[in-house]
Amino acid sequence: MMSGKKKNGRPGIVGSVLTNKCPRCREGALFINPNPYVLRMTMHMPENCPVCGQKFELQTGFYFGTGYVSYGITIILSALTLVLWWFTIGIGIKDNRIWWWLLSNAALLVLLQPYLQRLARSIWIAIFVKYDKNRDREQLNA
Ligand SMILES: [Zn+2]
């Protein structure tokens, strides 16, 4: 029910989280610069959602908890690349393919870091801020 289903042209919760949208209206952007690789802007967020006014830093230090989320994402991603590596390149006990996986995986994680950091915040705020359907109705009637 809650997955990628579109209502009123707004993304579902998965699409909303993946594209770093405000969890309340799923329209406003969580980050000021849409490109996470402009590194000095990576974690810059507006104080409030530009569309619905939702506060983005719910309390001081709100985003400290994202460390756990990043950790979880890192584990899941590494498991995925390991499985992928296993089926394409393979892993043997007599060679060092496993070490190449470790290196490649580490490099991938570093490259994806700006995106993953944003994703972790996006997931984190979506846990605490629920989608506001009534806001949708207001907008439709307006
Ligand atoms: Zn919003």
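The paragraphs below go through this predicted model from its overall make-up to single residues.

The protein contains four helices and zero strands. Read from the N terminus, the order of its elements is α-α-α-α. Of its 142 residues, 14% are buried. Taking the contacts between residues at least 6 apart in sequence, 56% join residues at least 24 apart.

Helix 2 covers residues 66-88. Its end C-alpha atoms are 32 Å apart, which agrees with the 33 Å that 23 residues should span at 1.5 Å a residue. Helix 2 is hardly covered, with one buried residue among its 23. Just after helix 2 comes Gly90, whose phi is positive, at about 90°.

Helix 3 runs over residues 97-128 and bends by about 65° at Gln113. A proline, Pro114, follows the bend within four residues. The buried residues in helix 3 are Leu119, Ala120, Arg121, Ser122, Trp124, Ile125 and Ala126. Helix 1 (13-18) and helix 2 are included in what covers them.

Two other residues of helix 3 can be set beside this buried group. Ala106 belongs to helix 3 and is exposed, because 11 other C-beta atoms lie within 10 Å, where 12 or fewer count as exposed. The C-alpha atom of Ala106 is separated by 8.6 Å from that of Ser78, although the two residues are 28 apart along the chain. Tyr115, also placed in helix 3, has 15 C-beta neighbours inside 10 Å and so counts as partly exposed. Between the C-alpha atoms of Tyr115 and Leu18 the separation is 9.7 Å, with their positions 97 residues apart along the chain.

The buried residues of helix 3 lead on to the nonpolar core. In soluble globular proteins, nonpolar side chains tend to be buried together. The largest nonpolar core here has 12 residues, namely Val17, Cys22, Cys25, Leu30, Phe31, Cys49, Phe56, Leu119, Ala120, Trp124, Ile125 and Ala126. Helix 3 gives the largest share of this core, five residues. One core member, Ala126, touches Ile13, Val17 and Pro23, leaving aside residues up to four places away in sequence. Of these partners, Val17 is itself listed in the core.

The loop between helix 1 and helix 2 holds two residues with an uncommon backbone angle. Most residues other than glycine have a negative phi. Asn20, which lies in this loop, has a positive phi near 55°. Arg26, placed in the loop between helix 1 and helix 2 as well, likewise has a positive phi near 55°. Neither residue is a glycine.

Are Asn20 and Arg26 buried or exposed? Asn20 has 19 other C-beta atoms within 10 Å, so it is partly exposed, since a buried residue needs 20 or more. Arg26 has 25 other C-beta atoms within 10 Å and is therefore buried.

Taken as a whole, the path leads from a protein of four helices, through the bend of helix 3 at Gln113, to a nonpolar core of 12 residues.

Terms used
Residues numbered from 1 in each chain as written. Predicted model: local features only at pLDDT ≥ 70, side-chain atom pairs only at ≥ 80, totals over all residues. Bend = angle between axes of the 7 residues up to and from the residue. Contact = placed C-beta atoms within 7 Å. Core = buried A, V, L, I, M, F, W, Y, C linked by C-beta atoms within 7 Å. Expected span 1.5 Å × (residues − 1).
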